[in-house]
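Student: Could you take one part of this protein and go through it with me slowly? I would like to see how a single strand fits into its surroundings.

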Amino acid sequence: MNKAGTKDNLRWYKIEEKLPEGDFVMQVQVGGKKRCLLRHEGQLHLIQNYCPHAGAVLSGGWCKDKMIICPVHRYAYHLDDGRGAEGQGDYIELYAVRETSDGIYAGFKQSLFSRLFGKSYF
Ligand code: FES
């Protein structure tokens with residue numbers, strides 16, 4: 001078992017930021033990078049923080065109908081699989097996130113290099 005209470009090949013990092021009650025969209029620093037953490041309809045999601053369309057910050061956006069909406073040109077991305085809305089032809093990265101009794105953890109796949117040498121480069 002690892003810190004997040006799971007058995008898997010992910011490396012887990014605790015998210016230290018204090019989270020608002022209810023649904024939210026916010027930027028967090030985790031695993032050395034900025035990501036977008038959100039709660040939509042009671043479910044936590046961790047996604048990349050830049051929009052693949054033109055690089056806007058997704059944590060400045062909002063959620064609607066199980067999608068994150070980019071604040072700049074309003075492209076939309078499904079929170080369940082990262083696919084862009086119909087006609088966009090793009091996608092966002094989704095990351096594992098778990099809520100445990102001692103906090104919220106983000107899980108990232110480790111590269112072969114980091115598995116061999118114990119460094120975290122992902
Ligand atoms: S930068 Fe996000 S939709 Fe254009």
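**A close look at strand β9**

Tutor: Of the 122 residues of this protein, 25% count as buried, and I should say at once that the model we are looking at is a predicted one. The protein has one helix and nine strands, and from the N terminus on the elements run β-β-β-β-β-β-β-β-β-α. Among contacts with a separation of 6 or more, 38% are between residues 24 or more positions apart.

Let us turn to the strand itself, β9, which is mostly covered, since five of its seven residues are buried. It has two pairing partners to consider here. With β1, β9 pairs in the antiparallel sense over six bridges, and within this pairing R11 stands opposite F108 in β9. With β8, β9 again runs antiparallel, and five bridges join the two strands; here T100 stands opposite G103 in β9. The strands β8 and β9 form a hairpin, with two residues between them.

Next comes the nonpolar core. The largest one holds 25 residues, of which I15, I47 and A106 touch the most other members. The elements giving two or more residues to this core are β1 (10-15), β2 (24-30), β3 (33-40), β4 (43-48), β8 (94-100) and β9 (103-109), and β9 gives the most, with four residues. As a general background, nonpolar side chains in soluble globular proteins tend to be buried together.

The contacts of I15 show how β9 meets other parts of the chain: leaving out residues up to four places away in sequence, I15 touches V28, V30, L37, G103, I104, Y105 and A106.

One of these residues, I104, deserves a closer look, and its place is in strand β9. Because I104 has 20 C-beta neighbours inside 10 Å, and 20 or more are needed, I104 counts as buried. If we set aside its neighbours within four places in sequence, I104 is in contact with I15, L19, L44, V97 and E99. It is also worth finding K18 in the structure, for I104 and K18 are 86 residues apart in sequence, while their C-alpha atoms are 9.9 Å apart in space.

To put the picture together, you can follow β9 from its antiparallel pairing with β1 to its hairpin with β8, and then to the core, to which β9 gives four residues.

Note on methods: Residues numbered from 1 in each chain as written. Predicted model: local features only at pLDDT ≥ 70, side-chain atom pairs only at ≥ 80, totals over all residues. Core = buried A, V, L, I, M, F, W, Y, C linked by C-beta atoms within 7 Å. Buried ≥ 20, exposed ≤ 12 C-beta atoms within 10 Å, placed from the backbone. Contact = placed C-beta atoms within 7 Å. Pairing = 2+ DSSP bridges.
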